[in-house]
Amino acid sequence: MDRRSFLKVSGLIGGTLGAADLLTIGDALANPNADRTASLPVLDRVKAEPGEDVLIRMQRELVRAMNKPLEKRRWGMIIDTRKCVACHSCTVGCIMENKLPPGVVYRPVIDQEIGSYPNVSRRFLPRPCMQCDNPPCVPVCPVKATWKRPDGVVVIDYNVCIGCRYCITACPYQARTFDFGQNWDHNAAHGNDGGLALETCRKYAQEPSFEYGTTWSRSEGVIPKSPVGNARKCTFCVHRLEHRQLPMCVTTCLGRATLFGDLNDPATLVSQQAVRNNAVSLKPELGTEPKTRYLL
Amino acid sequence: MAVSSVSAIGIASPANRARLLWALWILAAIIGGLGFLERLLHGDQATDFSSYIPWGLWVAAYIYFSGLSAGAFLLAATIYVFRIRVLEPIFRLSLLLAAVTLPMGLLLIGFDLGHLERAFLVIIRPQFHSMMAWMVWLYTAYLILVVVMLWSSYNSDRPGRDPEAVTKDRARLRVLAMIGIPLSIGFAGGVGALFATLAAREFWHSSLFPIFFLVGALTSGTALVTAVVAWQWPSRDAAWKDLVTLLGRTVLVLILIDLILELAEFMTPSWYQIGSFYELTRYVLFGPYWYVFWVVHLLLGVIVPIVLLAKNRSPVVTGVAAALVAITFFAVRLNLVIPGLVTPELRGLEQAYRDPIGNRLTFAYFPAWFEWQVLLGAIAFGVALWYVLIRLFPQVLPSPAQSSEVGQ
Ligand code: SF4
Ligand code: SF4
């Protein structure tokens, strides 16, 4: 990559991240098409060229998909395990984006060791929600608090979920966790920087999360404020998609191992990668038909 | 039934014994009350269940108590519908026990919810595909039915009620009991189905599970009724002795049937010692909580009661054996819920991302003191409910002078 295109890339990424502050956040659940812009002006200045950074390509594809009606899109994710270096940037990026408390995680990176010394290798398996096309977590919910959106993303209505955790037991990938209402400042301060850690954690606890395009200020209490007391899961960052931003884990992935896009569009990177002969889904025998797949 | 176990200690003077029981109850109520308060103020924070083991002691206790209720009810309904004369005197007692044990379970499962205040949503926006929604609806219907039955039965022998009305009452009671049989079979088996329908959980995903739950309900419920009759029945005459002996025999048969089902459930999928179910069976038998199976369940809940019930005819011994079965059945329930959750669904998940602060991303679970505390509170609540109800419905324990008033 030469200097000019590097500048374009950084401008583009910086621009999209900055856009979050400028745009008001709409309610993605109630009105999925809130704040629609036909394109990102910055993209017009970046010409598509062979060998470009996959992030730019995915960004362009994202804008194209968002200009279609919700039900015409079908989001999918491809994770290239050979490119993953287990830096955990996606895990951390996701935590920061969604202001996840202790005990809640949407995308851990599983580190699997294969073989024994001296013949050992490791495989890294980031595990977001599989966004199953046939999600076993949905029909178990007694109050219809969780469902598959027309674009294929499985969502939870925090205002309805009673916190029975039945869906957590039903998910074969353990992609759902429970918000017990804990915060990072609990037990956090140790060592020399204890004071600073405590202060930072307290601030963090006050930060709202914008999942589903709503502002959630969580807290524990006699009547807990959601999402405390709810099941929580990866949403493919549907609130970011509304603002033409790729999911946080995709943008933070050092190895460009996480690809994201519209599976209904045959020209997207994910559509092309999904049919490669080394693309697999986890536990295919269960018939859940994950829309998150892995390249081995 | 906590109280009946205390009776086994056998404290000499009745006055002393009463005082001790009261003291124990007050202690349990205080400890439990503090637990309830903690739960209401701080939610499930002090529990040890987690994001990876999302169900724990309370869920096990809930299926335990709802099983006791269904079992006691089925016994009562069978007595009434099939007019089993010898058992008619305990019809009301069984019904009342069913009415007491279910709320204990519901209290615990209510506390288990992240949003207790939204529980009513299951009634106003149910998803009938969900086994859990079914459970809530069946429980609600069942609880209403039990209350109506209790009321009718109470009404039917109010002094001065004219005989024609009494006949009508009884006919109605019989219809209600008939409705109640499929209802309680439905929910006792349904709780099993709530687990068994999950394809993701191999340990639970078996068609025998609902049947196992149903027979478990019958066994534990009948054992509870037996223990209470042995301990609390006002007259200690020959009729009482026969009653307890008969109930004891029934419990014995049920334990044996339950044991056969248990063998089938666990031995079939693990016989050739291969596969993940085998690993889970090993966890139950030789894992960190091996004693729950071997000591609490098998020794105290099966072997000792079988020996006592097979050899002995003394009502007190029968009562002790039945109490042992009823109490230790909790171990069976624990061993059904927890092992289904202890292995990571993806290898290595337990190491992937940890939570040193809340300890919620771990596959190790041992109920926290707080969980036991709330369980104790639920037991104290149940005992209090029982105490009040047997005073409200004194015919439940007919005094020696009264003859059997049930049935035609
Ligand atoms: S935890 Fe919430 S979303 Fe999950 S099944 Fe229960 S009510 Fe539904
Ligand atoms: S991975 Fe789990 S939470 Fe996600 S859609 Fe599938 S079953 Fe539901």
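**Contacts, cores and ligand shells in the predicted model**

A polar contact of 2.8 Å links the side chains of Arg218(A) and Asp179(A). The structure described here is a predicted model, and this pair makes a convenient place to start reading it. Arg218(A) sits in the loop between α6 (194-206) and β7 (231-233) of chain A. Its side chain also reaches the backbone oxygen of Gln182(A), at 3.1 Å. With a relative accessible area of 14%, Arg218(A) falls under the 20% limit and therefore counts as buried. The residues that Arg218(A) touches, leaving aside those up to four places away in sequence, include Asp179(A), Gly181(A), Gln182(A) and Asn183(A). Lys225(A), Ser226(A), Pro227(A) and Val228(A) are also among the contacts of Arg218(A), as are Pro101(A) and Arg232(A).

A second arginine, Arg165(A), brings both chains into view. Arg165(A) is found in the loop between β5 (154-156) and α5 (166-170) of chain A, and it is buried, with a relative accessible area of 1%. Apart from residues up to four places away in sequence, Arg165(A) touches Phe178(A) in chain A, together with Asp44(B), Phe49(B), Pro54(B), Trp55(B), Asp112(B) and Gly114(B). Arg165(A) is also one of the residues around ligand 1. That shell further includes Cys141(A), Cys161(A), Cys164(A) and Cys167(A), along with Pro142(A), Val143(A), Ile162(A), Gly163(A) and Ala231(A). By class, the shell around ligand 1 divides into 8 nonpolar, 1 polar and 1 charged residues.

Ligand 2 is surrounded by 14 residues, of which Cys129(A), Met130(A), Cys132(A), Cys137(A) and Cys171(A) are the closest. Its shell holds 11 nonpolar, 1 polar and 2 charged residues.

Trp55(B), a contact of Arg165(A), reappears in the largest nonpolar core. This core has 204 residues, and Trp55(B), Ile90(B), Leu93(B), Phe195(B) and Val229(B) touch the most other members. Helix α3 (residues 57-81) of chain B provides the largest share of the core, 20 residues. In soluble globular proteins, nonpolar side chains tend to be buried together. Around Ile90(B), residues up to four places away in sequence being left out, the contacts are Leu75(B), Ile79(B), Val225(B), Val229(B), Trp233(B), Leu243(B) and Leu247(B).

Turning to the strands of chain A, an open sheet of 4 strands follows the order β8-β1-β10-β9, with mixed pairing. Its edges are β8 (258-262) and β9 (279-280); each has a single partner strand, so one side of each is left without a neighbour in the sheet. β9(A) and β10(A) run antiparallel and are joined by 2 bridges, with Leu295(A) in β10(A) as the bridge partner of Ala279(A). Leu295(A) belongs to strand β10 (residues 292-295) and is buried, at a relative accessible area of 1%. Beyond residues up to four places away in sequence, Leu295(A) touches Ile78(A), Ile79(A), Asp80(A), Thr81(A) and Arg82(A), as well as Gln273(A), Arg276(A), Asn278(A) and Ala279(A). Between Leu295(A) and Ile223(A), 72 residues apart in sequence, the C-alpha to C-alpha separation is 44 Å.

Chain A also contains a hairpin, formed by β2(A) and β3(A) with 2 residues between them. Strands β2 (residues 109-116) and β3 (residues 119-126) pair in the antiparallel sense over 8 bridges. Within this pairing, Gln112(A) stands opposite Arg123(A) in β3(A).

Note on methods. Residues are numbered from 1 along each chain as its sequence is written. Chains are lettered from A and ligands numbered from 1 in the order in which they are written. This is a predicted model: local features need pLDDT of at least 70, side-chain atom pairs count only at pLDDT 80 or more; totals for chains, interfaces and linings use all residues. Side-chain values use heavy atoms; hydrogens and water are left out. A nonpolar core is a set of buried Ala, Val, Leu, Ile, Met, Phe, Trp, Tyr and Cys residues joined through side-chain atoms within 4.5 Å. Buried means under 20% relative accessible area, exposed over 50%, partly exposed in between (1.4 Å probe, protein chains only). Contact means heavy atoms within 4.5 Å. A polar contact is a pair of N or O atoms within 3.5 Å; within protein, one must be able to donate a hydrogen and the other to accept it, and residues adjacent in sequence count only if both atoms are side-chain atoms. A residue is near a molecule or strand if one of its heavy atoms lies within 4 Å of it. Ala, Val, Leu, Ile, Met, Phe, Trp, Tyr, Cys and Pro count as nonpolar, Asp, Glu, Lys and Arg as charged, and the others, Gly among them, as polar. Two strands pair if DSSP finds at least two bridges between them.
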